[in-house]
Amino acid sequence: MRKAPRLTVPGGLLAFASLFVLGPSMLQAQQEEEAPAPAASDERFLLFVQVHIEVVEAREEFNQAIAVVHDDPGKEELRSEMDQRLAEIYETHGMSEEEYQLFTLEVSLDQERREEFERLLEEMGGA
């Protein structure tokens, strides 16, 4: 008897998909458990917007640089430099990549937070 082929989902794809299913509830649970004082939260969010502006600028520079490199070792070197640059941006501002990603998720899921983000981004000249 022949077995039907099994479909498998790569772990990374499954983890990514779980963000959409579990993300909002996990984010809400974390906010309820670790609700910082509003002023601290506002200060961290403002810092996130500043970091976001620098990250976008770094990514734009990276995309321009990698567009003219056609060999794999050269592209890999640029990717490594980009990873270092992002790490420096996070470290300079005292924000981890994980915290940055959580704010990014929050902005993508919460309409009010997104509107606040867009307003701050425009005020800071990053729009």
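1. In helix 4 the buried residues are Tyr100, Phe103, Leu105, Glu106 and Val107. This reading, like the others below, rests on a predicted model. Helix 4 runs over residues 97-109, and because 13 residues at 1.5 Å a residue should span 18 Å, the separation of 18 Å between its end C-alpha atoms agrees with expectation.

2. Helix 4 and the helix that follows in the numbering, helix 5, deserve to be read together. Their axes come within 5 Å and cross at roughly 110°, an angle that falls between 65 and 115 degrees, and the two helices are therefore roughly perpendicular to each other. On the helix 4 side the residues that meet helix 5 are Phe103, Glu106, Val107, Ser108 and Leu109, while helix 5 contributes Gln111, Arg113, Arg114 and Phe117.

3. The aromatic residues form a second theme. A search of the whole structure finds six aromatic pairs. One of them joins phenylalanine 45 and phenylalanine 48 in a tilted arrangement, with 5.8 Å from centre to centre and 35° between the planes. Both of these residues lie in helix 2, three residues apart, which is about one turn of the helix. An α-helix has 3.6 residues a turn, so residues three or four places apart point the same way. Phenylalanine 45 and phenylalanine 48 are both buried.

4. Phenylalanine 48 also pairs with phenylalanine 117, again tilted, at 5.6 Å centre to centre and with 40° between the planes. This pair links distant parts of the chain, since phenylalanine 48 belongs to helix 2 and phenylalanine 117 to helix 5 (residues 111-123), 69 residues apart. Phenylalanine 117 is buried, as is phenylalanine 48.

5. Taken more widely, Phe45, Phe48, Tyr90, Tyr100, Phe103 and Phe117 form one aromatic cluster. Arginine 113, one of the helix 5 residues that meet helix 4, lies over the face of phenylalanine 45, at 3.8 Å from the ring centre.

6. Valine 51 offers another view of helix 2, which covers residues 38-67. Is valine 51 buried or exposed? Its relative accessible area is 0%, and because buried means under 20%, valine 51 counts as buried. Leaving aside neighbours within four places in sequence, valine 51 is in contact with Ile89, Tyr90, His93, Met95 and Tyr100; Tyr90 and Tyr100 are also members of the aromatic cluster. The C-alpha atoms of valine 51 and threonine 92, which are 41 residues apart along the chain, are separated by 9.3 Å.

Technical notes
Residues numbered from 1 in each chain as written. Predicted model: local features only at pLDDT ≥ 70, side-chain atom pairs only at ≥ 80, totals over all residues. Heavy atoms only, no water. Helix = DSSP H or I, 4+ residues; strand = E, 2+ residues; numbered from the N terminus. Expected span 1.5 Å × (residues − 1). Buried < 20%, exposed > 50% of the residue type's maximum accessible area, 1.4 Å probe, protein only. Contact = heavy atoms within 4.5 Å. Phe/Tyr/Trp six-rings, centres within 6.5 Å; stacked < 30°, edge-to-face > 60°. Lys NZ or Arg CZ within 6 Å of the ring centre and 35° of its normal. Axes fitted to C-alpha atoms, helices over the stretch in contact; angles between N-to-C directions. Parallel < 35°, antiparallel > 145°, perpendicular 65-115°, else oblique.
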